[in-house]
Amino acid sequence: LWNRFAVSLCSPPSPRMRSALPRTLARRSARALSTAFADAPSAPLRSARVNANHVPDASSPLPFMHKPNEFDSAAISKEHWSGDWSSEDIRAAQSANVVATWGSTKATANLPILERGEGVYLYDKDGKKYLDWTSQAVCTNLGYDVPPAVLEAVTRQLTTLPMVYGGLGMVEVRARFAKLLSEALPGDINGLLFPCGGAEANEAAIRIARRYTGRHKILTQYRSYHGGSTTTLAATGDFRRWFGESAATGMLKMLSPFPTTFQWAAEEEAVAQISLAALEEQIIHEGPHTIAAILMESVIGSR
Ligand SMILES: Cc1ncc(COP(=O)(O)O)c(C=O)c1O
């Protein structure tokens with residue numbers, strides 16, 4: 001009887017089984033049924049029996065081994081070894097092979113080809129100068145002149161040991177940086193993770209908040225961006241969320257103090273008071289005991 005149940009979970013029942021199973025069940029009393037289960041083998045053996053229906057064919061190679069090595073070195077063009085590409089070469093390669101994020105690739109066709117930076121200025125391949133009002137995505141904190149000490153430290157590390165996997169060894173520069181940050185950060189913030197970017201950092205923050213509080217919900221603003229991974233896209237409030245929200249749960253949204261289509265009030269003080277009252281109202285209805293964290297950008301770049 002157990003085998004029949006197990007098989008019926010894995011595959012559609014055959015017509016014979018379909019008629020046999022109800023008859024079998026009808027024949028046995030509840031007592032007989034429980035005896036049948038009590039006699040069933042323990043869990044690992046049960047699954048072994050189920051899997052016994054699948055016998056791998058050792059003579060046939062795995063699917064990925066079917067393909068011959070299709071790398072054709074003749075397909076690699078000679079221009080990869082040429083020092084300088086013209087603006088046309090760069091635009092052609094970009095439009096043929098680079099996929100834009102968060103918008104149509106075509107719409108990026110006329111972006112400037114940036115060549116160098118100096119202070120707060122960027123220069124394109126034709127020498128045109130741009131003032132970078134936004135530090136790109138609010139992230140070029142040092143401007144475009146890398147201080148000699150940073151340049152020297154990066155070069156020293158690259159020439160002595162370019163890669164250390166954190167789980168396999170310690171390295172002085174990481175230990176020193178962690179100690180320095182823990183001393184500079186407020187309060188007792190002294191445990192530091194070193195993720196690769198913003199999305200990974202926010203993923204970790206969300207996981208930590210959920211583990212620490214034992215709660216699930218994360219509250220973020222509609223006007224926000226928190227990263228391009230599944231969880232952080234769901235935490236994101238703007239249109240980019242639509243590409244990831246169905247795969248993550250527990251993500252709530254609140255209106256910003258500065259919504260897109262209306263004002264909470266004319267004066268900033270009143271805006272703060274009303275939007276805080278709206279947030280409190282939302283938290284009360286959601287249940288404060290269900291919210292693990294509120295995640296907010298200090299400088300909002302989303303519409
Ligand atoms: C506020 C904010 N959070 C998270 C991210 C995601 O960072 P990253 O692109 O390094 O994953 C960004 C990136 O623009 C951001 O602006």
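**Ligand surroundings, helix α9 and two open sheets**

A polar backbone atom of alanine 199 lies 2.8 Å from an oxygen atom of the ligand. The model described here is a predicted one. A polar backbone atom of glycine 198 is likewise placed 2.8 Å from an oxygen atom of the ligand. At tyrosine 225, a backbone N or O atom is found 3.4 Å from a nitrogen atom of the ligand. On its own the ligand has 390 Å² of accessible area, of which the protein covers 57%. The surroundings of the ligand consist of Gly197, Gly198, Ala199, Asn202, Tyr225, His226, Gly227 and Glu297.

Helix α9 spans residues 198–213 and contains glutamate 203. With a relative accessible area of 15%, glutamate 203 counts as buried, because the value falls under the 20% limit for that class. The side chain of glutamate 203 forms a polar contact of 2.5 Å with the side chain of serine 229. When residues up to four places away in sequence are left aside, glutamate 203 touches Ser229, Thr230, Thr231 and Thr232. Serine 229 therefore appears both among the residues touched by glutamate 203 and as its partner in the polar contact, a pair of N or O atoms within 3.5 Å.

One open sheet of the model is built from three strands with parallel pairing, arranged in the order β5-β4-β6. Its edge strands are β5, covering residues 251–254, and β6, covering residues 291–294; each of these pairs on one side only. From one strand to the next, the twist averages 30°. Strand β4, made up of residues 217–221, runs parallel to β5 and is joined to it by four bridges. Within this pairing, threonine 220 has lysine 253 of β5 as its bridge partner. Helix α9 packs on the sheet and touches β4, β5 and β6, while the direction of the helix makes about 145° with that of β6. The helix that contains glutamate 203 is thus in contact with each of the three strands named, contact being defined by heavy atoms within 4.5 Å.

Another open sheet also comprises three strands, in the order β1-β2-β3, and here the pairing is antiparallel. The edge positions are taken by β1 (114–118) and β3 (129–131), each of which pairs on one side only. The average twist between one strand and the next is 30°.

Strands β1 and β2 run antiparallel and are joined by four bridges. Across this pairing, leucine 114 is positioned opposite aspartate 124 of β2. The hairpin formed by β1 and β2 has two residues between the strands, and glycine 119 in this hairpin adopts a positive phi near 60°.

The pairing of β2, which covers residues 121–124, with β3 is antiparallel and extends over three bridges. Tyrosine 121 has leucine 131 of β3 as its bridge partner, and tyrosine 123 is matched in the corresponding way with lysine 129 of β3. Four residues lie between β2 and β3 in the hairpin that these strands form, and glycine 127 in the turn shows a positive phi of about 85°. In a regular strand, side chains point alternately to the two faces of the sheet.

Key
Residues numbered from 1 in each chain as written. Predicted model: local features only at pLDDT ≥ 70, side-chain atom pairs only at ≥ 80, totals over all residues. Heavy atoms only, no water. Buried < 20%, exposed > 50% of the residue type's maximum accessible area, 1.4 Å probe, protein only. Polar contact = N/O pair within 3.5 Å; in protein donor to acceptor, adjacent residues only side chain to side chain. Pairing = 2+ DSSP bridges. Axes fitted to C-alpha atoms, helices over the stretch in contact; angles between N-to-C directions. Near = heavy atom within 4 Å. Areas by Shrake-Rupley, 256 points an atom, 1.4 Å probe, with all protein chains shown as cover.
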